[in-house]
Amino acid sequence: MHEYTSNARVWGLSCPGFPEEVSRARRWTRDILRDSPFAEDAELIVSELSANAILHTASGHESGSFHLAVAVSAQVVAVSVTDAGGTGTAPKIEHQDQDAEHGRGLGMVSALAHRVVVHASEAGHTITAELFTDAGQGGHPC
């Protein structure tokens with residue numbers, strides 16, 4: 001294979017920070033991954049991360065937006081959501097009691113994904129959830 005070619009495919013989508021955009025993000029992810037065994041998990045992850053971006057960051061403010069990326073290779077399906085920042089702290093995975101009304105979303109994402117990476121920058125946060133086709137590569141097995 002040539003050094004500049006890859007078998008990975010990457011899609012991107014930018015959405016205005018309106019609550020109804022979460023359903024569009026879900027549909028978009030489902031359409032891209034329609035033949036993948038990870039389609040339902042990825043759709044749920046994108047839904048949670050998109051909703052968090054709108055609810056907890058400047059993405060949900062007037063003229064705010066959030067950005068999605070889906071990368072697919074033979075080894076991994078990775079979904080990323082980038083928010084517009086505006087919070088004093090980076091998102092963190094907390095494992096809340098099952099009766100908690102808030103704070104369970106990233107815990108749920110980490111339970112579905114083999115690995116979750118949070119990257120903070122001045123422009124916002126990117127949360128990437130990776131689903132490995134061979135569970136031995138990452139965190140927990142499928």
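Analyst: Helices (H or I, at least four residues) and strands (E, at least two residues) are DSSP runs, numbered from the N terminus. Strand E2 leads into strand E3 through a hairpin of three residues. This is a predicted model, in which local features need pLDDT of at least 70 and side-chain atom pairs count only at pLDDT 80 or more, while totals for chains, interfaces and linings use all residues. Residues are numbered from 1 along each chain as its sequence is written, and side-chain values use heavy atoms, with hydrogens and water left out.

User: What makes E2 and E3 a pair?

Analyst: Two strands pair if DSSP finds at least two bridges between them. E2 and E3 (residues 76–82) have six bridges and run antiparallel, so they meet that rule. In one of these bridges, Ala71 has Ala78 of E3 as its partner.

User: How many bridges join E1 to E2?

Analyst: Eight bridges link E1 (residues 9–16) with E2 (residues 65–72), again antiparallel. Pro16 is bridged to Ser65 in E2.

User: How do you know that E4 and E5 pair?

Analyst: Seven bridges are found between E4 (residues 115–121) and E5 (residues 124–132), in the antiparallel sense. Val117 has Thr128 of E5 as its bridge partner, and a hairpin of two residues connects E4 to E5.

User: Why is H1 said to agree with its expected span?

Analyst: The expected span is 1.5 Å times one less than the number of residues. H1 has 12 residues and should therefore span 16 Å, and its end C-alpha atoms lie 17 Å apart, which agrees.

User: Which residues of H1 are buried, and what covers them?

Analyst: Glu21, Val22, Ala25, Trp28 and Thr29 of H1 are buried (under 20% relative accessible area, 1.4 Å probe, protein chains only). Their directions from the axis of H1 fall within an arc of 125°, so they line one face of the helix. Their cover includes E1, H2 and E2.

User: Which residues of the largest nonpolar core touch the most other members?

Analyst: They are Ile45, Leu49, Phe66, Leu68, Val79 and Leu131, out of 27 residues. Such a core joins buried Ala, Val, Leu, Ile, Met, Phe, Trp, Tyr and Cys residues through side-chain atoms within 4.5 Å. H2 (39–56) supplies the largest share, seven residues.

User: Where does pLDDT stay under 50?

Analyst: Residues 138–142 stay under 50 in pLDDT, the predictor's confidence in each residue, from 0 to 100. The chain mean is 85, with 80% of residues at 70 or more. Where pLDDT is low, the predicted coordinates should not be read in detail.

Definitions and conventions:
Buried means under 20% relative accessible area, exposed over 50%, partly exposed in between (1.4 Å probe, protein chains only). Contact means heavy atoms within 4.5 Å. The arc is that of the directions from the helix axis to the C-beta atoms.
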